[in-house]
Amino acid sequence: MNENERSLRILLIEDSPVDSLLIRGLLADVPGTSFDVETSERLSDGLELIAKGGFDVILSDLTLPDSEGLNTFMQVYGAAGDVPVVVLTG
């Protein structure tokens, strides 16, 4: 990373390996920004990571093995504090 480049730490809560790979690829193409992406395939694991802190943004699928729909969003949003949450859905 050069001195003009910024870095963002992202939590990606997504159970599809294909979608995770796609999102990582899209982020890699953003000029001037590097992304440190940590992935969780389950809501419960994602909530544990959120509790540890340090993320700049959370990207979350709505349908996960252990949660679905609005319940997923409400739990992530409730745990996120001031961290922005972006919902990913098909």
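How many bridges pair β1 and β2, and in which sense do they run? Select both strands and look: β1 and β2 pair in the parallel sense, over eight bridges. (Two strands pair if DSSP finds at least two bridges between them; strands, E, of at least two residues and helices, H or I, of at least four are DSSP runs numbered from the N terminus.)

Before you go on, know that this is a predicted model, where local features need pLDDT of at least 70, side-chain atom pairs count only at pLDDT 80 or more, and totals for chains, interfaces and linings use all residues. Residues are numbered from 1 along each chain as its sequence is written, and side-chain values use heavy atoms, with hydrogens and water left out.

**Stop 1: the sheet**

Stay with the two strands and click Ile10, which stands opposite Val37 in β2. Now add β3 (57-61) and β6 (85-88). You get an open sheet of four strands in the order β2-β1-β3-β6, with parallel pairing. β2 and β6 stand at the edges with a single partner strand each, so one side of each has no neighbour in the sheet.

**Stop 2: helix α1**

Select residues 17-28, helix α1. Its twelve residues should span 16 Å at 1.5 Å a residue, and its end C-alpha atoms are indeed 16 Å apart. (The expected span is 1.5 Å times one less than the number of residues.)

Next, colour Ser20, Ile23 and Leu27, which are buried. (Buried means under 20% relative accessible area, exposed over 50%, and partly exposed in between, using a 1.4 Å probe and protein chains only.) Looking down the axis of α1, you'll see its buried residues fall within an arc of 65 degrees, so they line one face of the helix. That arc is taken from the directions from the helix axis to the C-beta atoms. They pack against β1, β2, β3 and β6, where contact means heavy atoms within 4.5 Å. Flip to the face turned away from the buried side for exposed residues, including Pro17, Val18 and Leu21.

**Stop 3: a charged trio**

Side chains of opposite charge can pair when their charged atoms come close. Show Arg9 and Asp36: they form a salt bridge, with the closest N and O atoms 3.6 Å apart. (That's a side-chain nitrogen of Lys or Arg within 4 Å of a carboxyl oxygen of Asp or Glu.) Arg9 sits in β1 and Asp36 in β2, 27 residues apart.

Add Glu38, whose side chain meets that of Arg9 in a salt bridge at 2.9 Å, N to O. Shared partners join Arg9, Asp36 and Glu38 into one network.
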